[in-house]
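Q: Could we go through this structure together, starting with the ligand site?
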Amino acid sequence: MRKDSDSKHARRTLAVLAVFAGMALILPGAMQAANAQRQIAVPPPPMGWSSWNSFSNTVDAKVVMDQAKAMVANGMAKAGYQYVNIDEGWWQGQRDVEGNIVVDAKAWPAMAAGERAGDMANIVRYIHSLGLKAGIYTDAGMDGCSMYPDLGPVYQHVGSEGHYEQDFLQFAKWGFDYVKVDWCGGDKEKLDPAVQYAEVARAIGRAEGVTGRRLYFSICEWGNNSPWTWAVNVGGSPADIWRTSGDIVAPIVPHEKHSGRLASFAGVLSNFDQGIHPEAEHTGFYNDPDMMVVGMPGLTDAQNRVHMSLWTISAAPLLAGADLTTLSDATLATLTNPEVIAVDQDSLGLQGIKVASYGDGLEVWSKALSTPGERAVLLLNRTGDPAAITVHWGDLGLSDASPASVRDLWARKDLGSFSSSYSATVQSNDAAMLIVHGSEGKLTTYAPARADGARKDQEVSFTQVSSRVRMARVRISYTNSEKAPRFADLRVNDRIATRVAFPPTGSENKAGEVWIETLFDREGAQNVLSFTPISDPGLSIESIAVE
Ligand code: GLA
């Protein structure tokens, strides 16, 4: 085992020197110098809107057109929202003799010359014509959640079981870009979600093979079967999201049954807490704490900001659930704050971690960002009283010895430069969202235990690994000369930890880097990390660096 200590600062300096010198550095640490410039961006969490929270089973072409238009007109599309997702209620379970889905022609009419009523391709074309992407919904079981309707009649057989091949091909042929697959039917039949969702993913893959169109995969079994342990790359999916909890609130549809329902701040916090599984959130795979209820009845403007802060610090999918045609200016400003959205969409793709807590309910959350030395920080006050909360640079993995600048993302204001810590008074049930920009703390680099003999498709192990914190950030340096991502299973201390995606690093055989967060459950330098490539040539894991 080889072990060098380095700091990103030093590596960056070396890298800059290398560029100026116009030649490769042959110095100790030169490998890190090259690597520092090769951080590979991973797919960000999806952003968009979903019909469920505000329209329930009343969704139809008119609703979807109005929402899509609003998303463009109100600036959300420009801010990064792109999916217009049709949730439950678009289909009532009818199929023709060949098993093809038949939809209500009145709800989904022809919208342009030459179109046929009852063809979902019509609404997709409309959504695409606005520069947006289209999402659709089904269930992995035989029945869907329409067997327990929140609104309107009971519909049976609104699921895809027995028709995976046919339905996912149909969705892709209609032109959809995204599919959410629910679990009401699977749950009723006591199916195994890891098995069913893998089959769905394979059907999606085959549909892509036929149509060239990839459906982004959204898994919705509410976290009941610990999807963070199996949903990463399930059935070969190159990127996906999985729900980690139930719904924050059942739908609130104006003028319909239950229109007096309210979303609650406690519900938002509870879904946030259930969504924290940083060990599974990396390289394009994300925990999904539910569509957002920002701007829906029940939350104040301040609570909406906290909600958005919680979702973005955890790199959650940002799927708005409010009616986009009636957003207040304050809600719109909350949903579109570019600096807050940038935290969510950061190309490192990591989830925020709670790095300090004081008493009961005063918490510091930190999300590492792709700019070296930068952390998004949330000071969260869950208590009934205003309180001062302090963030220490050391808790963020930044150097204590160097000052760091602090910016308030909601006020969009620089607060100044501070040495070693920053304190703010945070109101009850409120949060401050900051960017702290300091100097990276030291990382320790490890070379593989058996670098010499290792074949490309064999396990690569790193032994005697230690970390400053139990949930540690690990930078993985690798090459993938292929055109598509490659995957490897990670075991930590003989636990199956997760599967990591390694996007292409280009043909020149230059190493790139991705980051993960993983649990070091052994004391000191007793931890062992092993990567086993999934039968793919082309992937070579070179080294890891640990904070
Ligand atoms: C489940 C999901 C919701 C929504 C409804 C539709 O409850 O969790 O997000 O899709 O089904 O019935």
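A: Certainly; a polar side-chain atom of Asp182 lies 2.7 Å from an oxygen atom of the ligand, a polar contact being a pair of N or O atoms within 3.5 Å; within protein, one must be able to donate a hydrogen and the other to accept it, and residues adjacent in sequence count only if both atoms are side-chain atoms. The ligand taken alone exposes 300 Å², and the protein buries 91% of that (accessible areas by the Shrake-Rupley method with a 1.4 Å probe; for residues, only the protein chains shown count as cover).

Q: What is the basis of these values?
A: This is a predicted model in which local features need pLDDT of at least 70 and side-chain atom pairs count only at pLDDT 80 or more, while totals for chains, interfaces and linings use all residues. Residues are numbered from 1 along each chain as its sequence is written, and side-chain values use heavy atoms, leaving out hydrogens and water.

Q: How far from an oxygen atom of the ligand are the polar side-chain atoms of Lys180 and Asp247?
A: For Lys180 the distance is 2.8 Å, and for Asp247 it is 2.6 Å.

Q: Now the sheet: what is the strand order?
A: The order is E8-E7-E6-E5-E4-E3-E2-E9, an open sheet of eight strands with parallel pairing (strands are DSSP runs of E, at least two residues, numbered from the N terminus; two strands pair if DSSP finds at least two bridges between them).

Q: Which are the edge strands?
A: They are E8 (285-288) and E9 (318-320), each pairing on one side only.

Q: And how many bridges join E2 and E9?
A: Strand E2 (residues 47-50) pairs with E9 over three bridges, in the parallel sense. Gly48 stands opposite Leu319 in E9.

Terms used
Helix = DSSP H or I, 4+ residues; strand = E, 2+ residues; numbered from the N terminus.
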